[in-house]
Amino acid sequence: MPSKDLGSALLAAAFATAVSVAPLGATAFAEGLRIGTSYKLMTLDPHYADLNENTSLLSHIYERLVNQDEHLEPQPGLATSWRQLSPTQWEFKLRDGVRFHDGSPFTARDVVYSIERVRDFLKPPSGGFQLYVKGIKAVTTPDPLTVVIETSSDAPTLPLSLTSIFIMPHKADGFATTEELNSQARPVGTGPYKFDSWQSGEVLNLVRYDAYWGNATAWSDVTFRVIESPAARVAALSTGDVDIADYIPARDVEGLENRGLKVDSISAARSNFLQFDIGRDQPPGVTGKSGDPIKNPFRDKRVRQALTMATDRAFLADRILLGYGTAAAQLFPPGLSGTSVKLKVEAPDYDGAKKLLAEAGFSDGFNVMLAGPAGRYPGDSESLQAIAQNWARIGISVQPVVAPFSVFATQRSNGDYPVWYGGCSGEAVTLCLDAVLASPNTDLGTGSLNYGKYHNESFDEMLVKAKAMEAGPERNESLARATELVMADYPILPLYHFHLIVGHGQKVGSYAVHPRGWTTAMQATPSED
Amino acid sequence: MKVETIRALWKRPTRKSVSLSKLLLATYILLALVAPIIAPQNPHDPLQIYAWEASSPPLAMGGGGYTYLLGTDGLGRDIVSTILYGLRISLVVSITSTAIAALIGVAAGVSAAYFGKWVDVVIMRIVDLQLSLPTILVALIAIVTLGPGIDRIILAIIIVQWAVYARIARGVALSEISKSYLDAARLQRLPTRRVIFRHLLPNSIAPAITLVPIELGHAVALEATLSFLGLGVPIDKPSLGSTVASGFQYLLTGQYWISLFPGLALFGLIASINFVGEDVRRLLDPRNRSI
């Protein structure tokens with residue numbers, strides 16, 4: 001019976017088409033994403049160490065009460081709103097209807113549990129997160145969706161502090177240990193992706209959490225592959241082994257674009273700068289032109305200003321970083337909250353700089369050692385040589401010295417250098433203002449990166465006042481004013497904010513690079529077709 | 001025999017390739033000597049460098065009024081000048097270190113053979129220990145403990161190389177000691193110093209001399225390796241090796257000239273030293289005396 005044969009053949013053909021179409025249709029809506037990352041995930045404990053390595057990858061599984069947007073401003077996360085009840089009391093309203101991956105509802109108890117776990121339970125070597133919660137005196141829960149946090153002193157930026165703390169589900173008895181989280185138990189959070197499997201330091205597999213409270217996630221599953229070498233990451237992206245690769249070296253961008261891959265970038269929330277030894281009368285490595293020891297020239301503001309004027313920062317950003325850098329005049333790139341719009345990078349003025357040096361009594365210039373790490377930050381050792389060329393034009397002969405970062409850091413703490421290359425990054429500009437520019441003070445926890453022992457009392461006062469203000473435009477304005485005041489004294493020589501570069505293949509339409517340098521699947525939008 | 005060694009070295013070479021390599025090596029040394037005169041730019045003087053002309057391709061016209069024949073590197077240094085000045089550093093480092101290593105090594109080897117007993121045991125065990133470790137590892141440990149700088153590199157290469165000479169010199173000296181002319185010298189009750197320096201040393205030195213050019217090539221390569229790894233010469237005074245290293249990162253962007261030309265220069269230098277070394281070895285080999 002030919003007609004029946006034809007019919008069954010048609011049916012078979014139709015079925016075959018349906019079978020082949022169905023997965024195609026499904027993949028178009030729920031594709032897997034493979035990310036090659038430099039971040040080596042070493043633990044599944046979200047409170048273990050405050051490093052991008054952990055927070056970047058674990059932010060798929062766990063969420064925070066407050067998120068940080070691309071200007072570093074706080075945005076609602078698991079908390080929908082917050083307000084200050086008194087200078088030492090904050091109330092957070094929690095999101096309703098949120099469920100953990102194991103089905104249990106998210107309530108105020110989980111917030112209490114997470115904060116107490118970081119504050120009271122975890123002991124060194126775990127560290128970093130304690131800083132954000134050590135000022136918290138008590139956490140109370142008036143109702144299951146409200147949390148009141150009481151601090152021991154004024155805490156105008158508590159919401160910002162909470163952008164660092166991941167929320168874990170509470171345990172009926174005691175606290176979960178790090179070993180427990182790393183071994184048998186699956187990490188359970190409220191995030192858009194569920195944990196599937198991992199190999200420490202190598203692979204992390206995640207699958208979509210269908211009951212996620214927020215917008216539906218774009219990818220059905222996500223695989224993170226740790227590829228530490230930049231060249232290997234670039235190669236994996238070029239050959240299509242991964243869809244996204246983070247921390248692409250600027251020199252590889254052109255090659256990737258030639259192969260039809262796309263690149264997104266943003267100024268990192270950080271800066272690299274030169275720091276001067278201001279504390280000592282006679283730092284090592286500085287001599288007069290005839291090789292005799294001289295008094296510390298960096299104590300004179302005019303010398304620091306002259307060196308700033310004689311540094312071609314545009315060259316560093318355009319040529320050494322190949323355009324993937326922004327010449328810097330302050331600690332964070334302008335546009336991020338708490339930065340100044342008035343501070344500008346001037347073109348080098350060698351004649352003006354020479355005049356200033358002469359006024360300061362160094363008309364013949366001097367010899368100085370300029371130290372830095374090799375290969376720790378983009379363009380570090382090349383910058384030192386370029387600066388040596390710049391400064392030679394105002395009579396200062398520079399001996400650039402580079403060393404592996406560990407050696408450099410040790411020698412810097414030993415006080416072996418007169419001028420050196422440094423860097424600072426963080427979740428808010430206040431962190432770097434405190435660490436790099438505020439006077440060293442162990443009680444206040446300021447000046448931890450102020451290796452040159454710079455002191456400026458009026459700046460210290462302004463900074464303390466600005467930090468005490470409630471988050472908002474006024475506080476940002478005060479921070480900007482304090483920055484302008486201190487930078488007019490040339491305490492450091494800001495060089496550049498290097499750009500974070502992420503490359504992606506055809507599957508990804510765009511990737512929103514975050515200034516904090518996180519690498520997540522949530523930042524990747526699938527391409528339209 | 002001492003006179004014979006020197007006479008053998010003066011003999012004219014007969015093979016063409018050998019003359020070519022000698023010519024090349026002579027050119028290298030000459031270029032290194034006159035580098036400050038012929039180089040269009042002093043790449044060690046920051047004032048002569050036009051930073052904004054960084055990464056210019058070969059044959060680009062420069063702001064200093066001369067053409068960058070081989071282009072400029074990522075910091076605006078003329079590649080021709082960088083090669084010429086780098087050559088000086090590479091040659092100074094390798095010749096100095098090889099000469100000192102040979103002196104120390106031969107002295108240690110001959111002493112071990114002559115005095116024997118515990119002197120021999122101590123020296124030769126140190127030599128064994130050192131030769132059992134990979135060269136680059138010993139050099140790396142030396143540089144990391146001594147710190148960077150040209151003098152430290154020379155010291156590191158000496159530490160690596162002296163053991164090779166010591167072992168060879170001891171072997172030869174041991175066979176010389178059993179010969180009758182040395183017995184004669186000792187029976188005349190000549191002072192120990194005179195026996196060693198006038199009789200034993202000159203007769204044990206020939207094999208060590210054949211080793212010198214070979215080790216010289218190794219020294220150039222070792223300095224280049226250390227500099228390539230960032231543990232060598234200061235960054236503002238690049239040798240051939242560190243120039244290749246600094247250009248390495250630009251290779252993928254198509255700026256081949258920064259690494260390629262210094263790399264070719266380095267290759268030619270090591271090759272010519274090795275060929276000349278082979279020639280010296282051939283001339284001093286007793287089995288080839290008839291040539």
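## A predicted two-chain model

At 1.5 Å a residue, helix H3 (residues 108-121) of chain A, with its 14 residues, should span 20 Å, and because its end C-alpha atoms lie 19 Å apart, the two values agree. The expected span used here is 1.5 Å times one less than the number of residues in the helix. Helices (H or I, at least four residues) and strands (E, at least two) are DSSP runs, numbered from the N terminus.

This is a predicted model, in which local features need pLDDT of at least 70 and side-chain atom pairs count only at pLDDT 80 or more, while totals for chains, interfaces and linings use all residues. Residues are numbered from 1 along each chain as its sequence is written, and chains are lettered from A and ligands numbered from 1 in the order in which they are written.

### Helix H3 and its surroundings

A residue is called buried if 20 or more other C-beta atoms lie within 10 Å of its own, exposed if 12 or fewer, and partly exposed in between, with the C-beta atoms placed from the backbone. By this rule, the buried residues of H3(A) include Ala108(A), Val111(A), Tyr113(A), Ile115(A) and Val118(A), and also Asp110(A) and Arg117(A). Among the elements that cover the buried residues of H3(A) are strand S6 (89-94), helix H4 (130-133), S7 and S8 of chain A.

Two of these covering strands, S7 (residues 136-143) and S8 (residues 146-151) of chain A, pair in the antiparallel sense over five bridges, where pairing requires that DSSP finds at least two bridges between the strands. A hairpin of two residues joins S7(A) to S8(A), and Thr140(A) has Val148(A) in S8(A) as its bridge partner.

### The two chains

The table sets out the overall values for each chain.

| Chain | Helices and strands | C-alpha box | Buried residues |
|---|---|---|---|
| Chain A | 16 helices and 23 strands | roughly 105 × 60 × 40 Å | 47% of the 529 residues |
| Chain B | 10 helices and two strands | roughly 75 × 45 × 30 Å | 42% of the 291 residues |

Each box is taken along the principal axes. Read along the sequence, chain B follows the pattern α-α-β-β-α-α-α-α-α-α-α-α.

### Domains and cores

Chain A is divided into domain 1 (8-261 + 505-526) and domain 2 (270-498), with bounds that come from an automatic or database domain assignment. The C-alpha centres of domain 1 and domain 2 of chain A lie 35 Å apart, and 17 residues of domain 1 are in contact with 13 residues of domain 2, contact being defined as C-beta atoms, placed from the backbone, that lie within 7 Å.

A nonpolar core is a set of buried Ala, Val, Leu, Ile, Met, Phe, Trp, Tyr and Cys residues joined through C-beta atoms within 7 Å. In the largest nonpolar core, of 146 residues, those that touch the most other members are Ile248(A), Ala306(A), Leu316(A), Leu321(A) and Leu370(A). Strand S21 (residues 492-504) of chain A gives the most to this core, with eight residues. Leaving aside neighbours within four places in sequence, Leu316(A) is in contact with residues including Leu321(A), Ala386(A) and Leu495(A).

### Where the chains meet

How many residues of chain A are in contact with chain B? There are 18 residues of chain A in contact with 15 residues of chain B. Helix H8 (253-258), helix H10 (313-320), helix H12 (380-392) and strand S19 (397-403) of chain A each supply at least two residues of the side that touches chain B, and H12(A) gives the most, with seven residues.

Methods. Two residues are in contact if their C-beta atoms, placed from the backbone, lie within 7 Å.
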